[in-house]
Amino acid sequence: MSNSKVYAVVLAGGVGSRMGQQEKPKQYLEVGNKPIIIHTLEKFYIEDAFECVIVPGPAEWVSHTKNLVKKYIPDPDRVHVIEGGATRNETIMNSIAYIEEKFGLDEDTIIVTHDSVRPFVTSRIIEENIRYAKEVGACDTAMPATDTIVVSEDNDIISDIPERRKMYQGQTPQTFNAMKLRNLYNSLSDDEKNILTDAAKIFVMKGEKVHIVEGEVFNIKITYPYDLRVAEALISGKVEG
């Protein structure tokens, strides 16, 4: 298992509708004088474990992303920008197909998938993702929930309040044995594919183990304008980690 090839897949597919009236997807907004996506790519680019970093994104942003990579990344050949799919999971499938075509795929190939708008991921999180994906076949980064989680079936009345000690809040990376993920995805019906936005949930639904890697409070996803201000503070060192 130790000689399995590992690829980073930094998912840049989102168009950031929750960020308000932005003229560009949120991963291209600047924080600390650099686009968010570049901060994120740097975290993966510096890890020796990866054969390369694959960046699937919206078709109309591919050339812009390639230009950013050339501008900011010392060895741009290690970063491969490709077109993503219509959904998150199709985008991951595109990435697996790209790996197979470019480098070949075997039963031990690992993909570390990560949101392009989570620039504060750490080496420790990445290394543990790789380790547990090799051992178990899949893992997901998550934090024990600090708030009580309430469930509402109709988005109006509370239907359940689960025990907080069992609840986690999902982050990324999510890391998988690439062949296993593809086989499970291909076994889903179209209806199941439409419901399942989360790749780790495919494993869970099919009765496969997914190991939890503990995330970090600061491994935030930049979704709302407020998050941009938090990110700016984290990058400028105004927030003590």
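Trainee: Why is Ile158 called exposed?
Mentor: In this predicted model, Ile158 has 52% relative accessibility. Exposed means over 50%, so Ile158 counts as exposed.

Trainee: Where is Ile158 placed, and which nonpolar surface patch does Ile158 help to make?
Mentor: Ile158 lies in the loop between β7 and β8. With Val150 and Ile161, Ile158 makes a nonpolar surface patch of about 280 Å².

Trainee: What makes strand β8 largely enclosed?
Mentor: Strand β8 covers residues 168-177, and seven of its 10 residues are buried, so the rest of the structure largely encloses β8.

Trainee: How do you know that β6 and β7 pair with β8?
Mentor: Pairing needs at least two bridges. Strand β6 (residues 110-115) is joined to β8 by four bridges, and strand β7 (residues 138-144) pairs with β8 over six. Both pairings are therefore called for by the cut-off of at least two bridges, and both are antiparallel. In β8, Asn177 is the bridge partner of Ile110, and Phe176 stands opposite Ala138.

Trainee: Why is Cys139 called buried?
Mentor: Buried means under 20%. Cys139 is at 0% relative accessibility, so Cys139 counts as buried. Cys52 has a relative accessible area of 2%, so Cys52 is buried too.

Trainee: How do you know that Cys52 and Cys139 are too far apart for a bond?
Mentor: A disulfide needs the sulfur atoms within 2.5 Å. The cysteine sulfur closest to that of Cys52 is in Cys139, 19 Å away, which is too far for a bond. A search of the whole structure finds zero disulfides.

Note on methods. Residues numbered from 1 in each chain as written. Predicted model: local features only at pLDDT ≥ 70, side-chain atom pairs only at ≥ 80, totals over all residues. Heavy atoms only, no water. Buried < 20%, exposed > 50% of the residue type's maximum accessible area, 1.4 Å probe, protein only. Patch = residues over 30% accessible without salt bridge, like charges linked within 9 Å, V, L, I, M, F, W, Y side chains within 5 Å. Areas by Shrake-Rupley, 256 points an atom, 1.4 Å probe, with all protein chains shown as cover. Salt bridge = Lys/Arg side-chain N within 4 Å of Asp/Glu carboxyl O.
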